[in-house]
Amino acid sequence: MSRLERILAIAAALFAVLAIALPLGIRGDAVVMSWTGVLSVAWPVLVLLLLALFTLKLPPLVSGLLAVAGGAVVLFELAQFDSAGWGYWALLATAWLVAWLFAERLSARLASGAERRRWLGMLVPTMFGLAVLVAWEAGTRGGNVPNVLLPAPSVIWARIVANLPILAADFQQTFLKAVLAGYAIGNGVGLLVAIAIDRSPFLKRGLLPIGSFVSALPLVGIAPIMVMWFGFDWPSKAAVVVLMTFFPMLVNAVAGLNVTVAMERDLMRSYASSYWQTLFKLRLPAAAPFIFNALKINSTLALIGAIVAEFFGTPVVGMGFRISTAVGRMDIDLVWAEIAVSALAGSVFYGVVALIERAVTFWHPSIRGGTT
Amino acid sequence: MTAVVSAKNLGLTFRTNDGDVVALSDVNLEVQPGEFVSFIGPSGCGKTTFLRVIADLEQPTSGTISVNGMTPEAARKSRSYGYVFQAPALFPWRTIEKNVALPLEIMGHSDAERKARIARTLELVNLTGFERKFPWQLSGGMQQRASIARALAFDADLLLMDEPFGALDEIVRDHLNSELLKLFAATKKTIAFVTHSIPEAVYLSTKIVVMSPRPGRVTDIIDSTLPAERPLEIRETPEFLEIAHRVREGLRAGHSYEQS
C-alpha cells in the first residue's frame, strides 16, 4: 500500500465521520441529519467498517463497488432536502475519495502486472467519468445552482431525450453534411496540393505561403464571405471547414513526403522506378503517420469550424444555429444538449480516425511499441 | 566477351562549401562477367563512390565508364544491376515477401511470375518460412539476407554490394559470407563488393581492388589464386594469408606519404 493510498483511505474515513455527524441539509424548517434516513447513515458506516476491517487493504473491486454504491447514495440523498448542508458535502467527498482509492489501487495492480485482466484498465476512466457526473449532479442540485449558470446532467439528459428530433436534424445538417463534406474536400485538396508542391519547386515557393496566408484568415471574417459565395445552406459551412482543414493537412503531408531517407530513394532509383511508382510505393506509405496526424487534428477542427460558421447566416437548422438562438432565449439547457451531442460526435469521429490510423500505420514504432 | 564494367581515367570531384573534394581520380578498371570483385580501402578512398557511379547514383566528372557496354544511366534504366545497401532498407509496412516483390511490381512482372521468383530467391538466401513476417520481426542478419533476396529477385546479372555485412557481428558475418559464396556459385552472377575487412575481401573475391584515399584511387589489383570451392577453414592456409598480406601491403602503400 503506497503512501498516497494510505492518505486517501484516512481522508475517506475522516469525511465518513463528518458525513455521519454533520447535518445533511435543510428541508422546510427542519434540519435533516444522516440518521434520518437509512442509506445516508448506512453507507458511511460501511466505509468506516470496511476500511477498519481490511486495515486499508481493501481489494480493488470491493472499493470499486463501494464507490459505485457511494455515488448512488449521494444521488439518492438529493431528494431528501431542499438545500445541502456540510454533511452532504462530506458524503460527496467520501464517495469521491473511495472512487479515487479504487482507481489508484487498480492502476497500481495493472502497472505491476499483478492484475492480468487488461480490460479492467477500462474501469479507471469509466469510474472517473462517473465520478465527474455525480459530483456535477450533486454540486448543481445540492448547491441550488441556477440552470442558466450550469444545469445538472440529469436536466441536460432530459432535454436531449425530449428534443431528439431537433438534435437529430441539427446533427444531420451540421455534421453529416457540412463537416463530412468539408473534411473530405479539405483533406483531399491539402494532400493533392502537398503532392503538387513536392513535384515542383516553383509551387513550393508560391503555394506554401498562400496556404499559410489562408490559414491565418480569421474564421469570423471568412464565414460571412462564404455565406455570400455559397448561400445560406450547408455548402458555405463546408467551405469554411475546407479552409480550416486544408492547411494542417498541407503542412503535415509536405513534411511526411520528405521523411524518406536517401538510401530508400536510391533503392527506388536503382529500380528505375517512375515518380508515381516511388510516390505510391514508398513516399505515401512513409508519410502515412504524418497524414493521419493531420486527419486527427482536422477531425476536431472541422466540427468547431462548422458550428461557428453557422453563427453567420444559416437556414433554421444546424447545431451552431440552435446554440446561437437558444442562448438568445436563455434556453441554456438546449445549448448544453447541443454541446453534449457535438462533444460525443467529435470524440467518436476522432476515435474512428485513430482506429483507422492504428490499422494503416501498424508498422510504425510508435504503434507497434518497438524501436526503429 | 564485353566487360561488365569498364572504367577509363574515371574521376569524380564533389563540390562542397569547403572546396572541392576529389573522391575518385584516374580509375582504370575492367570487371569481366562471372568475377567477384572486392573493393577495399580505408574510409574516403572512394570505393562506395565508385560503386555508386556504376549504379548511376553519382555522376563522374571526368573519364568514361560503361556498364554492360552502355552508359550507367542506360544500364540502370534497363535494370541491369541489383544494389544491396549498407542497411537493409526494407519497407516496414511490407512483409518480407512483399519487400522482395517490390522491384518485381515496379518492373511489371505478372503475379505468377512474382510468386515463383519470391519463392526461389527466398530459398537462395535461406529465408523460406519467413514470407509473412515483417522486417522488424527479424534479426539484422535476416533483414540483410532479405535485402539480398530483393536485389536478386529480378535476375540482373550484376550485383552491387556496398558493405552489406558491415553492421553485423562477426559470427553472423562469417555465416553470411559462406552463404554468399554458395549463392555466387549457384547464380553465376558478377558481383562488385565493397568492404573494409581484409579477410572478407580475400575470402570472397576472385579479384581484389585495393584503393587509397585523398585522392581516391586504385593502388593495386590482385587476382586471387584461391580455388572456387572455399570452406571457412581456407582462411588459415598459407595461400590465403599471402594474399591477405599483399592486400595489407597495398593498403599501407596508399598511406605511405601521409604524415601519420
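**View 1. Strands S3 and S7 of chain B run side by side in this predicted model.** Strand S3 covers residues 36–40 of chain B and strand S7 covers residues 190–195. They pair in the parallel sense, with 5 bridges between them. To find your place, look for Val37(B), which sits opposite Ala192(B) in S7(B). As a bit of background, strands of a sheet pair through backbone hydrogen bonds, and they can do so either parallel or antiparallel.

**View 2. Zoom out from that pair and you get an open sheet of 6 strands in chain B.** Read across, the order is S5-S6-S7-S3-S8-S9, and the pairing is mixed. Which strands stand at the edges? They are S5 (81–84) and S9 (217–223) of chain B. Each has a single partner strand, so one side of each is left without a neighbour in the sheet. From one strand to the next, the twist averages 15°.

**View 3. Here are two helices that meet the 6-strand sheet of chain B.** H1(B) packs on the sheet and touches S3, S5, S6 (158–162), S7 and S8 (207–212) of chain B. The direction of H1(B) makes about 150° with that of S6(B). H6(B), meanwhile, lies across S3, S6 and S7 of chain B. Follow H6(B) along and you'll find it running at about 160° to S7(B).

**View 4. Chain B also has an open sheet of 3 strands.** The order this time is S2-S1-S4, and the pairing is antiparallel. S2 (19–31) and S4 (62–67) of chain B take the edges, each with a single partner strand, so one side of each has no neighbour in the sheet. The twist averages 30° from one strand to the next. Helix H1 of chain B, residues 47–54, packs on this sheet too, touching S1, S2 and S4 of chain B. Its direction makes about 115° with that of S1(B).

**View 5. Now a closer look at strand S1 of chain B, residues 5–16.** S1(B) and S4(B) run antiparallel and are joined by 5 bridges. Ala7(B) is a handy landmark, standing opposite Ile65(B) in S4(B). What is the phi of Asn9(B)? It's positive, at about 50°, although Asn9(B) is not a glycine. That residue lies in strand S1 of chain B. For context, most residues other than glycine have a negative phi.

**View 6. A cis peptide bond turns up between Arg214(B) and Pro215(B).** Omega is about -10° for this bond. Where should you look for Pro215(B)? Try the loop between S8 and S9 of chain B. Most peptide bonds are trans.

**View 7. The structure holds 1 cavity of 30 Å³ or more, shown here with its lining.** About 60 Å³ of space lies inside this largest cavity. Around it you'll see Val125(B), Arg145(B), Ile148(B), Phe165(B), Leu176(B), Glu179(B), Leu180(B) and Leu183(B). Sorted by class, that lining has 6 nonpolar, 2 charged and no polar residues. Two helices of chain B, H5 (140–152) and H6 (170–187), each supply at least two of the lining residues. H6(B) gives the most, with 4 residues.

**View 8. How confident is the predictor about chain A, chain B and the complex?** Chain A has a mean pLDDT of 87, with 97% of its residues at 70 or more. For chain B the mean pLDDT is 87, and 97% of its residues reach 70 or more. Among the elements of chain A, helix H2 (residues 39–53) has the lowest mean pLDDT, 78, while helix H6 (residues 153–162) has the highest, 93. Where pLDDT is low, the predicted coordinates should not be read in detail. As for the complex, the predictor gives it an ipTM of 0.88 and a pTM of 0.82.

Methods: Residues numbered from 1 in each chain as written. Chains lettered and ligands numbered in written order. Predicted model: local features only at pLDDT ≥ 70, side-chain atom pairs only at ≥ 80, totals over all residues. Heavy atoms only, no water. Pairing = 2+ DSSP bridges. Axes fitted to C-alpha atoms, helices over the stretch in contact; angles between N-to-C directions. Contact = heavy atoms within 4.5 Å. 1 Å grid on protein atoms, 1.4 Å probe; cavity = no way out; pocket = protein on both sides within 12 Å on 5 of 7 lines; lining within 4 Å. Points joined across faces, edges and corners; volume = space filled by probe spheres on them. Nonpolar A, V, L, I, M, F, W, Y, C, P; charged D, E, K, R; others polar. pLDDT = per-residue confidence, 0-100.
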